[in-house]
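Biologist: I'm new to this one, could you show it to me and walk me through it?

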Amino acid sequence: MTGFLGTGPADVLATWVAALVTLVVLGGLLGERRVFGWSQHLLAGLATGYLAVLAVTEVIVPRVLVPLAADGRPELLVGLALVGLAAGAPWLPRPLAVFPLSIAIGAIAAFALGGAVVGTLLPQLAGSVVGPGQSAAGTLAGALAAGVSALVVLSFLHGVPRGRVLGAAAGTGRWLLIAGMGGWLGYLLLSRLVLLVDRIGFLLGDWMGVGR
Amino acid sequence: MSDRARLVDRFAPLVLLLALAAAWALPEQGWLTLAAPDPDARARVTTALDALPAESLVVVGFDPDLGTYAEIRPTVRALIDDLLARGARLGFVSLTPEGRALALAEMDRLARGGGGAVVDLGFVPGAEAALVMLARGDRDGILEDGLATADAAVVIGGNDLGPRTWVEQVAPRVEDLPLIAVAPTILLPQLQPYLATGQLQALLGTPRDGAAYRDGLGRPAADHAGPMTLPILLGLLAALGVLGDGLAQRVMRGVQASRTRDAA
């Protein structure tokens, strides 16, 4: 049972709509494409409507209009001017039109790249270095990880002349890579089955009322 | 392909769905469970929660993905109920529209069940920049001074802005904020290294981890019920059957090609 919906009339209606759309989507497995296409349109329409409502109620009104009316914060006016430039981009000169886009892309790249370096790259590198106080098991695990990584990297050497030893090592690396991916795909298979069984549970339990 | 094989191919998904539905409708089998034999994941979460002070403030970064949320839903609900039972105050915040929709649904469910100390911190637009602002504090209310006022952050992942983003943007700016993550299996390879380095204090990243954590709570509730195990076993057997069929066909093709070569 998903437990999202209550017992009111709106909840019952929502359950029926969700159940019918679930059946339509599952019908796509049997080759019924036309109704499946309609369900995709329904999803796109609902998502667009939801995004519009979210933008108005949680962004534009509380974070732009209300602070502007209350405090007249100048930085919000700058932001509004940038939004105006972005909206009028098709009719504006190119150097002016690319201005808001450049700021947006630059800011996103700066935050994402800075975070990746400070939050992922450096701590992960530091975590991989063998320290003086590390246990023998930790050192062994690190050495093993380095060995496996080297073999996997070797497996990507295509077209490079190599002897029997290097060829065997590259082959081992390729099989290690396949084994690792296989293990992860096994986890994913279980995960996807959980999702499918959840949908079946929704149809039987939430919609048809078959008790668990 | 013969007509019969085409018919089998067309109706095989329907037969599988009906078989899974029949397995779902059967009573739960006591001998078939999803519990993990390795209790480490559960122990890490419990240790992190035990370390929280009384009446702690826990920020719940709620950004799961609509497609994969069903996988982690029982675990998320069990964790939220566990935190509320420990007397924690929860502040729900979302950085993605999808996460916001699911957060509203979960808060609505909590309110129907009597609620608890839950505060809606809303949707914060701006992706990574929004998280930085949240960490530094630009909002009125319980996070006025930023995430440093929180005792821990529980990040429900699945979307683009999940545990990895919190590790990258929040952890360097807010020292000593324990990060606990619940994420679907697809994010496991991405998040496991953070657990190894201690950047994530705890991670429930597979259905097995979730089942082990829920079993350890000892408070079975309808909302915490995990997936039925019998249909999952049936699905796994069907997948193995398809895999075996593919392998057998490949071997047969090899044998036939070898015979043709020998005959020539």
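Modeller: One term will be needed first: a crossing of helices is left-handed if the near helix is turned anticlockwise from the far one by less than a right angle, and right-handed if clockwise. Please also keep in mind that this is a predicted model.

Biologist: OK, so which hand is the crossing of helix 4 of chain A and helix 5 of chain B?

Modeller: Helix 4 of chain A and helix 5 of chain B cross in a left-handed way, and the contact is made by Ala107(A), Ile108(A), Phe111(A), Ala112(A) and Gly115(A) on one side and by Ala127(B), Glu128(B), Ala129(B) and Val132(B) on the other.

Biologist: At what angle do helix 4 of chain A and helix 5 of chain B pack?

Modeller: The angle is about 65 degrees, and the axes are 8 Å apart; angles of 65 to 115 count as roughly perpendicular, so that is how helix 4 of chain A and helix 5 of chain B stand to each other.

Biologist: And how many residues of chain B are in contact with chain A overall?

Modeller: There are 49 residues of chain B in contact with 41 residues of chain A, and helix 1 of chain B gives the most to the chain B side, with 8 residues. By class, that side has 33 nonpolar, 8 polar and 8 charged residues.

Biologist: Switching topic, what is the secondary structure of chain B?

Modeller: Chain B has 9 helices and 6 strands. Its radius of gyration is 23 Å, whereas a compact globule of 264 residues would have one near 18 Å, and 41% of the residues of chain B count as buried.

Technical notes. Residues are numbered from 1 along each chain as its sequence is written. Chains are lettered from A and ligands numbered from 1 in the order in which they are written. This is a predicted model: local features need pLDDT of at least 70, side-chain atom pairs count only at pLDDT 80 or more; totals for chains, interfaces and linings use all residues. Two residues are in contact if their C-beta atoms, placed from the backbone, lie within 7 Å. Helices (H or I, at least four residues) and strands (E, at least two) are DSSP runs, numbered from the N terminus. Ala, Val, Leu, Ile, Met, Phe, Trp, Tyr, Cys and Pro count as nonpolar, Asp, Glu, Lys and Arg as charged, and the others, Gly among them, as polar. Axes are lines fitted to C-alpha atoms, for helices over the stretch in contact, and angles run from 0 to 180 degrees between N-to-C directions. Angles under 35 degrees count as roughly parallel, over 145 as roughly antiparallel, 65 to 115 as roughly perpendicular and the rest as oblique. The radius of gyration is taken over C-alpha atoms; the globule rule is 2.2 Å times the number of residues to the power 0.38. A residue is buried if 20 or more other C-beta atoms lie within 10 Å of its own, exposed if 12 or fewer, and partly exposed in between; C-beta atoms are placed from the backbone.
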